[in-house]
Structure formats: structure tokens, C-alpha cells
Amino acid sequence: MRKVTCMCENSFEADLPEEIDLDAEPGRLAEILEGSFFKVNCPSCGASLKPELRVRLVSRKRGMDLTVLPELDRITLYRGKAELPKSSQAIVGYAELYERARVLEDALDPDVVEILKYWLLAKAAESAAEADLSIAYAGSEGGKLRFHLGGLKEGEVAVLPVGRELYDKALADKARTLRTEPFDKMFSGPYRSIRALEALEEE
């Protein structure tokens, strides 16, 4: 049981675990993709809440040990002060959790997806150097991987399709790529994300 506080200022205990074994509870992945993960109703006002709480997701079958941190803990993670289990990787916020669930559902390598995101973002920045760009994996369709690029135009998201052959090549070259800049830094810690490069800017 974990404490949740509603916007009506009512606090209550909710049955939200601190650790989930996805092998024992495979339906949790669907909950993440459907948007119902950790959703609770306030017993006082009836409001539907999705508290962003820390949770550890493990899967022996997938070789996965992932700690999801609240978005409020991002700077703490960047400064190397977030307490994580020794073997656990980190992601920050439920938007990143949804993206990782999408990657797992599509049986892709998370590191390779981050490499592709870096390449796509770098290409977009060539023509929009001043824009505050963001990118996320958004699933596959028609044999292509789809990425959503935000920040080019206000209120709009561009869809970038990537052929499966580019993913396969990136997967084959992964070991070599991880030894080159900036990927050696991007994947050096527990937060293996394109946004890990932001941590270097904090230093």
C-alpha cells in the first residue's frame, strides 16, 4: 500500500506495488500501453488519479531490471544522487515508461532505439538549430518504425518513419557504435537514454 494525495487534498492508501515482476504479471505491460497503469480513484471526490510513483519493473525472461523514477527526480538522477539498485537501469517519468513498454511490445533493443533517436534528432536540428526538439518512439506500422518529433512547429508533432533495414543495421553495428562519441557517454550510466546527454550539460 502506498500513500496518494488527491488534488482535493485527501490522502489515502492505494494498492500500488513498489516492485512488479512482468513475468508473473504480463498484463502490466498492457496497462502501461492503455494508460491504466497505477490509475486509482480518490475515495473522497471520485477523481481519477495517476500518481507518478517510483516503481521497479523486473523480467528475467527479458533480462530487464528497470527503475521508473518520478519526473521530479530527474535532476537528482542527473547529479548522480538517485539511489538505484545496483543492477537496475533508470527511466524518468511515465512518458518514458510508455515509450519503453512500446519498445518491449515490439521486441526491439532499447539501446538501438535510443541510437536511432539521436541520429533523427541530430538531422532535424540541422534545419532547426534554435528549436527545442524532442523525440519519442511511437510504434511500428507497415514494416517501418515510427518516431514522433516535437518542437518544429508549435502544437504539431512530425511523424518520422524509419525502415526496418536501418534498425537492423544499427543493431548489427551496436557494439561498435557504443564505443564512439557521444554514445559512449550516453550509455555509460544507469540512465541509458538520449536525454542522459542533458546530465553532461548540468556538470
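Start by selecting helix α3, residues 93-105, in this predicted model. Helices here are DSSP runs of H or I with at least four residues, strands are E runs of at least two, and both are numbered from the N terminus. The 13 residues of α3 reach 19 Å from the first C-alpha to the last, close to the 18 Å expected at 1.5 Å a residue; the expected span is 1.5 Å times one less than the number of residues.

A word on ground rules before you click further. Numbering runs from 1 along each chain as its sequence is written, and side-chain values use heavy atoms, leaving out hydrogens and water. Because the model is predicted, local features need pLDDT of at least 70 and side-chain atom pairs count only at pLDDT 80 or more, while totals for chains, interfaces and linings use all residues.

Now colour α3 by accessibility. Ten of its 13 residues are buried, so the helix is mostly covered. Buried means under 20% relative accessible area, exposed means over 50%, and partly exposed lies in between, with a 1.4 Å probe and protein chains only. Among the buried residues are Tyr-94, Leu-97, Val-103 and Leu-104, and also the charged residues Glu-96, Glu-99, Arg-100 and Arg-102. Just past the helix, stop at Ala-107, whose phi is positive, near 55°.

Go back into α3 and pick Glu-99. What does its side chain reach? The partner is the backbone nitrogen of Tyr-137, at 2.6 Å. That is a polar contact: N or O atoms within 3.5 Å, where, within protein, one must be able to donate a hydrogen and the other to accept it, and residues adjacent in sequence count only if both atoms are side-chain atoms. Glu-99 counts as buried, at 11% relative accessibility. Show its surroundings and you will find Glu-114, Lys-117, Ala-136 and Tyr-137 in contact with Glu-99, not counting residues up to four places away in sequence; contact means heavy atoms within 4.5 Å.

Next, select helix α4, residues 110-127. Its 18 residues should span 26 Å at 1.5 Å a residue, and its end C-alpha atoms are 27 Å apart, which agrees. The buried residues of α4 include Glu-114 and Lys-117. At the N-terminal end, Asp-109 caps the helix, with a side-chain oxygen 2.8 Å from the backbone nitrogen of Asp-111.

From that cap, move to Lys-174, in helix α6 (residues 174-177). Lys-174 touches Asp-109, Asp-111 and Val-112, not counting residues up to four places away in sequence. Is Lys-174 buried or exposed? It is buried, with a relative accessible area of 18%.

Then turn to the cysteines. The structure holds zero disulfides, a disulfide being a pair of cysteine sulfur atoms within 2.5 Å. For Cys-8, the nearest cysteine sulfur is that of Cys-6, 3.7 Å away. The sulfur of Cys-42 is 3.8 Å from its closest cysteine sulfur, also in Cys-6, too far for a bond. Cys-42 is buried at 3% relative accessible area, whereas Cys-8 is partly exposed at 37%.

Finally, zoom out. The protein has eight helices and eleven strands, and its C-alpha atoms fill a box of roughly 50 × 40 × 40 Å along the principal axes. Buried residues make up 43% of the 203 residues.
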